[in-house]
Amino acid sequence: MQQNIVVITGATRGIGRHAAHYFARQGYTVVATGRNRERLDTLETELEQYGHEHAVCQMDVTRPEEIDEVVQYVVNQYGHLDVWINNAGAFAAIGPTWEVDAKTVINDLSTNIFGPLLCIQSVVPILLRQDYGCIINLVGGGTVGPFPYGNGYGTSKTAVARLTENLAAELANTSIKVFALDPGLNDTDMTRYQRESTVGKRYLPHMEQLFEEHADVPPNQAPQWMYYLAEGQLDAYIGRVVSVYDDLKALKEKAQHILENDLYTLRLSK
């Protein structure tokens, strides 16, 4: 029986790390990527409890040559690829749009938009050649509504939702599936920076209140929804944005209504 292979970007921390553990527990072979060598080594040791077939690769999603190396490694090592999860993200530019440091917001945009795009450019030819595969792009705060003082992040995640829909349309006559997933509010380094930094406390004071009210989701909730998508449970939602706050059963039951009314997409209402 062929082993399922999943590549997870930004897997050394937060949602990505939890996803690596979750997919390994579900029997997937995990290839975890990230920029920090020390954190990758720690994750590699952690994944050994599930078996020794897992791997970690140092990779920056803004560097095409590093992405290509990882994709080629996966093909050479395992012979195929089942799921690619574009999880790596950045959110350091907090404050009024006209005041945030340009280099910081450009880094956020580069990681969040061009990161998934560059990964897609490298991995889609492999998926087309093998005639199957799944790509899951993570969106987030600001995707479907305003995100004042987080404009770079919100704008980038909105772009990822549209990128997902466009890519799905381009691949409509193939067996390749593309989804966008809102992972919900998670307790990560990213959200701790929003709550604990001086600039975060000033411009995003509601974040601390959300955590005090326990509005954050359990660590395994986002990985579980990635798994639902990877396993084909929500194929009616290809190209659309689903959320961990959705109800899986309800989504399945109302799928036809959603398709007929073009819901779970970015649209301008008039």
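**Burial, pairing and phi in a predicted model**

Tutor: Y264 sits in the segment after α11. Helices (H or I, at least four residues) and strands (E, at least two) are DSSP runs, numbered from the N terminus. The model is predicted, with local features needing pLDDT of at least 70 and side-chain atom pairs counting only at pLDDT 80 or more, while totals for chains, interfaces and linings use all residues. Residues are numbered from 1 along each chain as its sequence is written, and side-chain values use heavy atoms, leaving out hydrogens and water.

Student: Why is Y264 called partly exposed?

Tutor: Buried means under 20% relative accessible area, exposed over 50%, and partly exposed in between (1.4 Å probe, protein chains only). Y264 has 22% relative accessibility, so it counts as partly exposed.

Student: What makes the phi of Y264 worth a remark?

Tutor: Most residues other than glycine have a negative phi. Y264 is not a glycine, yet its phi is positive, about 65°. D262, also placed in the segment after α11 (255-260), has a phi near 55°, again positive in a residue other than glycine. At 31% relative accessibility, D262 is partly exposed.

Student: Why is strand β2 called largely enclosed?

Tutor: Six of the six residues of β2 (residues 29-34) are buried, so the rest of the structure largely encloses the strand. Both faces are covered, with T29, V31 and T33 buried on one side and V30, A32 and G34 on the other.

Student: How do you know that β1 and β2 pair?

Tutor: Two strands pair if DSSP finds at least two bridges between them. Four bridges join β1 (residues 5-8) to β2, and the two run parallel. I8 has A32 as its bridge partner in β2. Between these strands the chain passes through helix α1 (residues 14-25), in a right-handed β-α-β crossover.

Student: What makes a crossover right-handed?

Tutor: With the strands pointing away from the viewer, the path from the first strand over the helix to the second runs clockwise.

Student: Which strand does β2 join through A32 and V56?

Tutor: That is β3, where V56 is the bridge partner of A32. Four bridges join β2 to β3 (residues 55-58), which run parallel. The crossover from β2 through helix α2 (residues 37-47) to β3 is right-handed.

Student: Why is C57 not bonded to C119?

Tutor: A disulfide is a pair of cysteine sulfur atoms within 2.5 Å. The sulfur of C57 is 12 Å from that of C119, its closest cysteine sulfur, which is too far for a bond. The whole structure has zero disulfides. C57 is buried at 11%, and C119 is buried at 0%.
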